[in-house]
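Student: I would like a close look at a single part of this protein. Please choose one strand in the interior, describe its surroundings in detail, and then place it within the fold.

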Amino acid sequence: MENQEIIDNIDMQKNIVLFGLSGSGKDTIANFLEYELNYFKIRIAGTIKQIIQENRNMSEDELEEAKRIHSNIRQEHHDVGNYLGLGTINRVKLIISGKVNEFKYKQSYQSVVVHDGRGLDREIKLFLENPDWICVFLSRNNYDKEFRNTQHWTEEGSIENALKFIKENNFYDKSIIIINDKKETELTEEYLTIAEDCLGYYNISKESTANNLIAVIHDCIKNELI
């Protein structure tokens, strides 16, 4: 199916939230959906990032790079998020209800892609309890050189945690699983059973490239999963 065909059949498109750690491929997918398929792209942490960008006079790209390698920037991101508290949860609710401020730039025919899902119970559950949303869950194991605060809830995004979450909440038909690790990865039998029961399951570990990830999204579209 060509991109123009997909755009012409816009009613078939679903709203999508992307879940995974930094570097798992969320931005790659979101940018493809935005530029090729006319999705409206938005962040849950948009308010957090805006505060830090303005405080530090950084562009969005500069902030994204800095928080991956500088502990103080990543911690500031966490601190601002903690300060906002329920503001983040309320922002998710506003996105779902179509009332978030950025939607004044959204066209009525556009579907939405949220490209920074991290919290399973705090964020993803809210989206998937709504009939208009599905989630693409991405794994990642190539973060050795990146700063991580493993005690913070936003860093608990393992694919195993996601699969347990899917099973506990019966979100099988709203979940697409992509193993996008740099090294070859196989799920244990327990987790593989859950993944194979989901709406879609792909393992491109060891062959993790932007092109291969986009090929997976093309396949999802071809099979009307998204």
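Tutor: The account below takes one central strand, β4, and moves outward from it to the sheet, the helices and the nonpolar cores.

The model is a predicted one. Its chain folds into 10 helices and 6 strands, and of the 226 residues 50% count as buried. Among contacts between residues at least 6 apart in sequence, 74% join residues at least 24 apart.

The 6 strands form an open sheet in the order β2-β3-β1-β4-β5-β6, with parallel pairing. Its edge strands are β2 (40–42) and β6 (200–203), each of which pairs on one side only. From one strand to the next, the twist averages 15°.

Strand β4 covers residues 133–138. Of its 6 residues, 6 are buried, so the strand is largely enclosed by the rest of the structure. The side chains of W133, C135 and F137 point one way from β4, while those of I134, V136 and L138 point the other way.

On one side, β4 is joined to the parallel strand β1 by 5 bridges; here V17 stands opposite C135. With β5, β4 pairs in the parallel sense over 4 bridges, and I178 in β5 is the bridge partner of L138. Beyond β4, strand β1 also pairs with β3 (residues 112–117), again in the parallel sense, over 3 bridges. In that pairing, F19 has G117 in β3 as its bridge partner.

V136 serves as a good example of a residue within β4. Its relative accessibility is 2%, so V136 counts as buried under the 20% limit. Leaving out residues up to four places away in sequence, V136 touches I16, V17, L18 and F19, together with I29, I176 and I178. The C-alpha atoms of V136 and I176 lie 4.7 Å apart, although the two residues are separated by 40 residues in sequence.

Helices complete the surroundings. Helix α7 (120–128) lies across β1, β3, β4 and β5, and runs at about 140° to β4. Helix α8 spans residues 159–169, and its buried residues are I159, A162, L163, F165 and I166. Viewed down the axis of α8, these residues fall within an arc of 160°, so they line one face of the helix. They pack against β4, and also against β1 (15–19), α7, β5 (175–179) and α9 (189–196). Just after α8, N170 takes a positive phi of about 55°.

Side chains from these elements meet in nonpolar cores. In soluble globular proteins, nonpolar side chains tend to be buried together. The largest nonpolar core here has 32 residues, and those with the most contacts inside it are V114, I124, F137, L163, I166 and I177. Helix α8 supplies the largest share of this core, with 5 residues. A second, separate core has 24 residues, including L18, Y39, V136 and Y202. F137 thus belongs to the largest core, whereas V136 belongs to the second, and these two residues of β4 point in opposite ways from the strand.

I166 shows how α8 is connected to the strand. Apart from its neighbours within four places in sequence, I166 is in contact with F137, and also with F171, Y172, S175, I177, I194 and C198.

Aromatic pairs add further detail. A search of the whole structure finds 4 of them. One is formed by F40 and F103, which meet edge-to-face with 5.5 Å from centre to centre and 85° between the planes. F40 lies in strand β2 and F103 in the loop between α6 (86–97) and β3, so this pair ties together parts that are 63 residues apart in sequence. Both F40 and F103 are buried. For F165 and F171, the ring centres are 5.6 Å apart and the planes stand at 50°, so this pair is tilted. F165 has a relative accessibility of 4% and therefore counts as buried; at 8%, F171 also counts as buried.

To return to the strand itself, β4 is bridged to β1 and to β5. Its buried side chains point in two opposite ways, with F137 in the largest nonpolar core and V136 in the separate second one.

How values were computed. Residues numbered from 1 in each chain as written. Predicted model: local features only at pLDDT ≥ 70, side-chain atom pairs only at ≥ 80, totals over all residues. Heavy atoms only, no water. Buried < 20%, exposed > 50% of the residue type's maximum accessible area, 1.4 Å probe, protein only. Arc of directions from axis to C-beta. Contact = heavy atoms within 4.5 Å. Pairing = 2+ DSSP bridges. Axes fitted to C-alpha atoms, helices over the stretch in contact; angles between N-to-C directions. Core = buried A, V, L, I, M, F, W, Y, C linked by side-chain atoms within 4.5 Å. Phe/Tyr/Trp six-rings, centres within 6.5 Å; stacked < 30°, edge-to-face > 60°.
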